[in-house]
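Q: Hi, could you walk me through this one? I have a few quick questions.
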Amino acid sequence: MSTNVVSYENCGGIGLLLISNPPVNALSTEVITGLRSAVSTFEAEGETKALVIYCKGRTFVAGGDIASFESPEFDTRPFSSLLTRLDAFQRPVIATLHGTVLGGGLELAMACHYRIAVPDARFGMPEVKLGLLPGSQGTQRLPRLAGVPLALDLILSGRFLSAPDALAAGIIDEIVDGDPLALGIAAAERLVRTRTPVRRSSAMKVVADAAATQALARAAAAAGKKPAYPALGAIVRSVEAAVMLPFDEGEEIEAREFDQLRVSGASKALRHLFFAERTAARIAGPPQAVGAREVRSVGIVGAGTMGGGIAMNFANAGIPVVLVETSDEALERGLGMVRKNYEASAAKGKLSAEQVQKRTRLLKGSLDYGSLSNCDLVIEAVFESLQVKKDVCARLGETCKPGAIIATNTSTLDVNVLAEATGRPADVVGLHFFSPANVMRLLEVVRAARTAPDVLATAMQIARRINKVPVISGVCYGFIGNRMLEPYMRETEFLLLEGALPQQIDAAIESLGMAMGPCRMSDLSGIDIGAKVVIGQAEAGALPPDPNYRVVVRRLFELGRNGQKAQAGYYRYEGRTPLPDPAVATICADLARQHGIVRRSVIPDQEIIQRLMYTLINEGIQILDEGISYRPGDVDVVWTAGYGFPDYRGGPMFMADQIGLSEIKDTLDHFGRVRGNEFGYWTPSNLLKSLAARGQRLGSWSKD
Ligand code: T1G
């Protein structure tokens, strides 16, 4: 028997079941149908002594097919009942495992009687990251094999186990190096020869000891604190069912929990982000047959906080880095900071001493631009000033070898201008890292007007190598993320002038799940940084001709209230703890008086949310309309990976579809009417207007 994705053959009395559904052998409907029919064939062949299940390609089954969960007809039960059939065989069923054995793949393996794995195989239940739980007996089998505490830990965290750890935990039976099929056949023959009785995980007893009870109680308490993630509670209830109830009753509870989670907003949002992150890594447009350039060594100009953090990313990935500075002192400071960061990670047990040594050895310092002449990629991370950066770019244009890529880490300057300054704009790309650069996952890759296709392709590839989530942005002020921040900060300040307090605005925004409200965020990133951007924009004549525009941040800066580092900004600080500061209310009231702004005693939270979020969303849609960003999902990835937007809301564009585009447009129009629209703050983007008029969603929109 064989379909496109599953084949079965009888090889010398052993049934061989092969799954071949690239890239990751996900359990599509077709795979499940194929599995059912292969298992029926084995069932019918009474004389076949054992069954070996194995996979072609880079991995054993990495889980259910996530795309199939969108179908209203999706049901976990057909796969679960197949697992029950496998489990019930009297003849041994062997899973031979390699790659990433995840979710439904691990469930399939656990339903087999014997699991053999190659040494570098990894195991996990990552469903929680999709807002789900293992829906095909995983919450029932894993506690039986590995015990309740570890099962809970794995299912709640989604973390992976190495093969040795999985062996120690009782999840697999044997590790052997070799070809998975040959290993599976050898194991099958041995089990048959020795007449080893089949061992069914469903028949094992769950150890219900004090450790299990405590783990469940702790997990339930932790889940209770995160109501935005309903999967956590559902996982605890399902594992609890494994402890309290017979297997089939526990399985039914798990299936019901899964059904509810699958249609929950959180899971839909997280599934959207799963695909959005992977799609963002692809360059839009017709596939271009361009290879990437090779990057074996990296240079960084500027060993400040940014430069040092960027350097760590490359050293972490095993790529040698040279950091160039203008003085010994600056260089030593930069390298010292990197060393300190590594030592801190080692002290927390996140890195071994050898890892620290290996990484620091990959980092070299230099005062000489000449040491960049052999680098394949050079990133400038110097002071954010057009003249300074232009000078550095010009020098890099001369110093870097032909074919080397020159990248700028500017966050506010025009990448086209910097590209021209190098004299070789085709080699230039923007790499906008977020601070702290060694921690934040987001990387905006800025495609300038003359960036060569292979330079862009290399930037995307290198981003993945250093474990970043890359998103392409065109050239505009602030790129995708900071540009959308502009109306958000503008409305924050207007609300402060009108009588809202920083703590009220932050609380309203944090109630949506944002990691930090705008005032806390500004205090953390530095009021001086924000104010200088506004002042620079004013000098460049780029601000709206509105005398009230962002006057608060400028006043705080004048007063030296530069945020957390100054222990005063929108808040006053005790250490890192922000405390409401009546002085800020006075500052805002004085400014409001000077600027003739009427203060109100009550500003509803809903107004705060609408004014900040709807204008941010409108800007995002405008960015799509202008082609600065390719896809709504890209914008969502920027905000969830770089700006603390709650992943369970899927990002601002996904959220816009949930709110309804008409509702957003009508609300903007409403504010335009009641507040006046002299400066165009409330003008819906043309794309928003046309989508709203047609009742279309961003999720189904594409530029072409
Ligand atoms: N379903 C559909 N597509 C998948 C997929 C999946 N489970 N996993 C990966 N892909 C696609 C992905 O979109 C990309 O496509 C390509 O494969 C390579 O992925 C039934 C309910 C396996 C560790 O959550 O963690 O089982 O972009 O770029 O870095 O009860 O993919 O090339 O078109 O990520 O080498 C549980 C999710 C599902 C695993 C490989 N399983 N996948 O990483 O490659 S729920 C997961 C991953 C479930 C059961 C329950 C990773 C990976 P494209 P990639 P990678």
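What follows is a short chat about the domains, the ligand site and one sheet.

A: Happy to! Keep in mind that this is a predicted model.

Q: How is the chain divided into domains?

A: The domain assignment gives domain 1 (6–263), domain 2 (298–473) and domain 3 (481–700). The C-alpha centres of domain 1 and domain 2 are 43 Å apart.

Q: On to the ligand: which residues come nearest?

A: Arg58, Gly64, Gly104, Glu107 and Arg278 do, out of 27 residues around the ligand.

Q: And what polar contacts are there?

A: Among them, a polar side-chain atom of Arg58 sits 2.7 Å from a ligand oxygen atom. A polar backbone atom of Gly64 is 2.6 Å from an oxygen atom of the ligand, and a backbone N or O atom of Ala62 lies 2.9 Å from a ligand nitrogen atom. The protein covers 77% of the 990 Å² of accessible area that the ligand has on its own.

Q: Which element gives the largest share of the shell?

A: That's H11, with 3 residues. Strand E5 (100–102), helix H3 (104–111) and helix H11 (265–280) each supply at least two. By class, the shell has 13 nonpolar, 7 polar and 7 charged residues.

Q: New topic: what is the strand order in the 8-stranded open sheet?

A: The order is E12-E11-E10-E13-E14-E15-E16-E17, with mixed pairing. E12 (363–366) and E17 (469–473) are the edge strands, and the twist averages 25° from one strand to the next.

Q: How many bridges join E15 to E16?

A: There are 4, and these two strands run antiparallel. Phe433 has Leu443 in E16 as its bridge partner.

Notes:
Residues are numbered from 1 along each chain as its sequence is written. This is a predicted model: local features need pLDDT of at least 70, side-chain atom pairs count only at pLDDT 80 or more; totals for chains, interfaces and linings use all residues. Side-chain values use heavy atoms; hydrogens and water are left out. Two strands pair if DSSP finds at least two bridges between them. Axes are lines fitted to C-alpha atoms, for helices over the stretch in contact, and angles run from 0 to 180 degrees between N-to-C directions. Domain bounds come from an automatic or database domain assignment. A residue is near a molecule or strand if one of its heavy atoms lies within 4 Å of it. A polar contact is a pair of N or O atoms within 3.5 Å; within protein, one must be able to donate a hydrogen and the other to accept it, and residues adjacent in sequence count only if both atoms are side-chain atoms. Accessible areas come from the Shrake-Rupley method with a 1.4 Å probe; for residues, only the protein chains shown count as cover. Ala, Val, Leu, Ile, Met, Phe, Trp, Tyr, Cys and Pro count as nonpolar, Asp, Glu, Lys and Arg as charged, and the others, Gly among them, as polar.
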